[in-house]
Amino acid sequence: MKRMVISLVLVAIVVVVSPVSGHELQVVTTFSILEDLVQQVGGDRVIVNSLVPRGSDPHSWEPTPREARMVAQAELLIANGGGFDDWLLGLMKNAAKVDSLLVFASQGLEALEHGHAHGEGDDHNHHHGDPHFWLNVPNSIFYVDQITQGLVTASPDDASYFQERSRAYIEELVELDEWIVGECEKIPRENRVIVTYHNAFSYLAEGYGFEVAEFLVTNPEAEPSPRDLARLVDLLGGMNKRVLFAEPQLTSGTRYMQALAKEVGGELYTLYSDSLSTEISTYVEMMKYNTRTLVEALE
Ligand SMILES: [Zn+2]
């Protein structure tokens, strides 16, 4: 009888100190791709929310009181950096807790410059070069390391939990990267041109052996100039496979791409760049979808 009492007491203690029933770290990210990376590492020890909802464009985001409240509750904030989501800083100035921690996932990566000059006035937000590092998997592994460090700093008690999940996720990303490299080898050299609406694909092109990533606008907040449109009509006219890619979060951009495809008798496909969706809900799914689309369109 006495032994049973002791074991009941032990059970009670284990339940009380079990970290799962403890405090979950409140994390806020600027956009949905970072939200997924944090969720993969943070598991059930974090509550993570993205300020920009899935399917919306993070470049032109205008924060509302809803996002100010989210920032006010965050213990850890994760942004991309590189000029991509600077609007967070203004929001934080007014709303963030004094002891909250801010991590720029891309800090330390070297930005690629834009391929060529564009219509003036469309690059004021992008003076740092292309900020879309995550479209190349090794860069996302760098992000995951930065995110893991941020989580460990904000919640040291959960360090081994985060580090274990981080290692497992990075293994999955290494496999993903090898798979993408293998798939892209199916695309003949002469077809290795990615024509998109906005300049998001320079790291994907560099990492996976595409000759060029051509685009209409540097920043999707700007409208393309007639000169930009004429340049792409010329380029596509000289290609034996006239393929263009729209991006689901850029509705007005898609209209321009549809018009261009019609003008050159080309085919329009979709690539994900800045946002996940309800159908494509993780980073890994997004990269697989993009790879399958590139192979189907350009093989
Ligand atoms: Zn973008």
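**Notebook: zinc site, sheet and helix packing**

I began with the metal and found that the zinc ion is coordinated at 2.0 Å by the NE2 atoms of His59, His132 and His198 and by OD of Asp274. I note at the outset that this is a predicted model, and I read the site with that in mind.

Next I looked up the geometry: the angles among the four donor atoms of the zinc ion run from 96 to 132°, and the site is tetrahedral. For reference I wrote down that the ideal angle for four tetrahedral donors is 109.5 degrees. Along the sequence the donor residues of the zinc ion follow the spacing H-x72-H-x65-H-x75-D. Because His59 sits in the loop between strand 2 and helix 3 (65–73) while His198 belongs to strand 5 (residues 193–198), this pair ties together parts that are 139 residues apart in sequence. I also checked the burial of these two donors, and both His59 and His198 are buried.

I then turned to the sheet, which is open and has four strands in the order 2-1-3-4, paired in parallel. Its edges are strand 2 (46–50) and strand 4 (101–104), each of which pairs on one side only, and the twist from one strand to the next averages 20°. Looking at one pairing, I found that strand 1 (residues 25–29) and strand 2 run parallel and are joined by five bridges; within this pairing, Gln26 has Ile47 of strand 2 as its bridge partner.

What lies across this sheet? I found helix 5 (residues 137–154) across strand 1, strand 2, strand 3 (76–79) and strand 4, and helix 5 runs at about 170° to strand 4.

Following helix 5 further, I saw that it packs with helix 6 (residues 159–184) at an angle of about 175°, with the axes 10 Å apart. Since angles over 145 degrees count as roughly antiparallel, I therefore entered helix 5 and helix 6 as roughly antiparallel to each other. From helix 5 the contact draws on residues including Val137, Ile141, Val144, Thr148 and Leu151, and from helix 6 on residues including Phe162, Tyr169, Ile170, Leu173 and Ile180.

Last, I looked up Ser32, which is found in helix 2 (residues 32–42). Is Ser32 buried or exposed? With a relative accessible area of 1%, and with buried meaning under 20%, Ser32 is buried. Leaving aside its neighbours within four places in sequence, I listed the contacts of Ser32 as Ser50, Val52, Arg54, Ser275 and Leu276. One of these contacts, Ser50, falls within strand 2 (46–50), an edge strand of the sheet.

Methods:
Residues are numbered from 1 along each chain as its sequence is written. This is a predicted model: local features need pLDDT of at least 70, side-chain atom pairs count only at pLDDT 80 or more; totals for chains, interfaces and linings use all residues. Side-chain values use heavy atoms; hydrogens and water are left out. Two strands pair if DSSP finds at least two bridges between them. Helices (H or I, at least four residues) and strands (E, at least two) are DSSP runs, numbered from the N terminus. Axes are lines fitted to C-alpha atoms, for helices over the stretch in contact, and angles run from 0 to 180 degrees between N-to-C directions. Contact means heavy atoms within 4.5 Å. Donors are N, O and S atoms within 2.8 Å of the metal (3.2 Å for Na, K and Ca); water is not among the atoms, so sites may look incomplete. Four donors count as tetrahedral if all angles lie between 85 and 135 degrees; four count as square planar and six as octahedral if opposite donors are over 155 degrees apart and all others between 65 and 115; anything else is irregular. Buried means under 20% relative accessible area, exposed over 50%, partly exposed in between (1.4 Å probe, protein chains only). Angles under 35 degrees count as roughly parallel, over 145 as roughly antiparallel, 65 to 115 as roughly perpendicular and the rest as oblique.
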